[in-house]
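Please read the points below with the sequence and the structure open beside you. They are meant to be checked one at a time.

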Amino acid sequence: MWWAFAAVVVVALIVDFMVLRAGGAHKVSFRESVHWSLAWIALALVFNAGLWWYLDGQAGREVANKAGLEFLTGYVIEKSLSIDNIFVFLLLFKSFAVPEEQQRKVLMIGVLGALILRGIMIFIGAALIARFHWVLYLFGAFLVFTGIRMFLGAGDVHDIEQHPLLRWMRSHLRVTPGYRGGALSVVIDGKRWFTPLFLVVALIGFVDIVFAVDSIPAIFAITEDPFIVLTSNVFAVLGLRALFFMLAGMADRFHLLNFGLAGVLVFIGVKMLIVEFVKIPIGISLLVVALLIAASMIASAMFPVKSPRQD
């Protein structure tokens, strides 16, 4: 299963890179992003079906059903939580005025970095839980705290210019005043200069680490199997770039989505804290997560943000 998973991911990334290179730097249309989003979702579902089929023959129908539902639930949770990443990415691109034709490259680098970082963090988390099971309760408490903080801070506008990492890079690195195409750095008069695109890539990598600290403990509430945790995470991250371009023009319409995501984190955190007393079935967890996300999106449509009146 590990080799099959690795082969699927490598082939998918190669195809994605080839399409990215063949298409060149261009603005991604809504239609193109929808097609790619559906393709990534279909790939995840096909992989899940293959996993179910393999386990059904090797370990029996009960094990196959359990693993298949765990993967699907983990995928939905990670896909939902990745939407919060997208809102921050939008803020970064707007703050740095990243050219639309370069946003694909930045996100592709971000996806590769996320795959590596999350893989490391997942194996560390699995090793900790295997040795110290009480770590699950720390994860649960952390998710509840994060969910409440997200709920209270929903709608706050973040000042990117005051970010510590950005301030450090600007004070320690030579940064060109403008973009140099798709270059991350250039040599001027024998000295290495970094472009604003490099700053954006670095900030996106940092943002993904921060969000991974929230999302990875969340999936351990569904399963402690490293294979299911890693595969559901990876497939959710693979579709992040396409999802970004699909939601980029609709971010303002889902202004209440953060409340739904906060509810997801609190629910999963509570699920981890009460696991010794009440075991919530995986199917119920999937339903609750789907309802929270759907409810926040429907509420966003029913109560849109009022445009300021023009005098």
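1. Start with helix H9, residues 240-247. In this predicted model, Leu240, Arg241, Ala242, Leu243, Phe244, Phe245, Met246 and Leu247 are buried in H9. That is eight of the eight residues of the helix, so H9 is largely enclosed by the rest of the structure. Note that the buried residues of H9 include Arg241.

2. Which residues does Val111 touch, apart from those up to four places away in sequence? They are Val237 and Arg241; Arg241 is one of the buried residues of H9 just listed. Val111 itself sits in helix H4, which covers residues 100-131. Its relative accessibility is 4%, and because buried means under 20%, Val111 counts as buried. Sequence and space can also be set side by side here: Val111 and Val234 are separated by 123 residues along the chain, while their C-alpha atoms are 9.4 Å apart.

3. Helix H4 also holds Ile109. Is Ile109 buried or partly exposed? With a relative accessibility of 30%, Ile109 counts as partly exposed. Leaving out neighbours within four places in sequence, Ile109 is in contact with Leu184 and Val201. The C-alpha atoms of Ile109 and Ala202 lie 9.9 Å apart, with the two positions 93 residues apart in sequence numbering.

4. Now the whole chain. The protein has eleven helices and two strands. Read from the N terminus, the order is α-α-α-α-α-α-β-β-α-α-α-α-α. The protein has 311 residues, and 44% of them count as buried. The accessible surface of the protein is about 16,200 Å², and carbon and sulfur atoms account for 69% of that surface.

5. What share of the contacts between residues at least 6 apart in sequence joins residues at least 24 apart? In this protein the share is 81%. The contacts of Val111 with Val237 and Arg241 can be looked up as examples on the model.

6. Next, the packing of helices. Two packed helices are described by the angle between their axes and the distance between the axes. Take helix H2 (residues 30-58) and helix H3 (residues 61-95): their axes come within 7 Å and cross at roughly 160°. Angles over 145 degrees count as roughly antiparallel, and H2 and H3 are therefore roughly antiparallel to each other. The crossing of H2 past H3 is right-handed.

7. The contact of H2 with H3 can be checked by residue. On the H2 side, the residues include Trp40, Phe47, Asn48 and Trp52. On the H3 side, they include Gly68, Phe71, Leu72 and Tyr75. The residues of this contact divide into 13 nonpolar, three polar and three charged.

8. Asn48 deserves its own look. It lies in helix H2 and, at 10% relative accessibility, counts as buried. Setting aside residues up to four places away in sequence, Asn48 touches Gly68, Phe71 and Leu72. These three residues are listed on the H3 side of the contact with H2.

9. Helix H3 also meets helix H8, residues 226-238. The axes of H3 and H8 come within 8 Å and cross at roughly 40°, and H3 and H8 are therefore oblique to each other. This crossing is right-handed. Among the residues taking part are Ala67, Phe71 and Tyr75 in H3, and Ile228, Phe235 and Ala236 in H8. By class, the contact of H3 with H8 has six nonpolar, four polar and three charged residues. Phe71 of H3 appears both in the contact with H2 and in the contact with H8.

10. Last, the backbone. Most residues other than glycine have a negative phi. Where is Ala97, which has a positive phi of about 50°? It is in the loop between H3 and H4. Ala97 is exposed, with a relative accessible area of 54%. Asp189 also has a positive phi, near 55°. Asp189 lies in the loop between strand E1 (185-188) and strand E2 (191-194). With a relative accessible area of 77%, Asp189 is exposed.

Technical notes
Residues numbered from 1 in each chain as written. Predicted model: local features only at pLDDT ≥ 70, side-chain atom pairs only at ≥ 80, totals over all residues. Heavy atoms only, no water. Helix = DSSP H or I, 4+ residues; strand = E, 2+ residues; numbered from the N terminus. Buried < 20%, exposed > 50% of the residue type's maximum accessible area, 1.4 Å probe, protein only. Contact = heavy atoms within 4.5 Å. Areas by Shrake-Rupley, 256 points an atom, 1.4 Å probe, with all protein chains shown as cover. Axes fitted to C-alpha atoms, helices over the stretch in contact; angles between N-to-C directions. Parallel < 35°, antiparallel > 145°, perpendicular 65-115°, else oblique. Left-handed = near helix turned anticlockwise from the far one by under 90°. Nonpolar A, V, L, I, M, F, W, Y, C, P; charged D, E, K, R; others polar.
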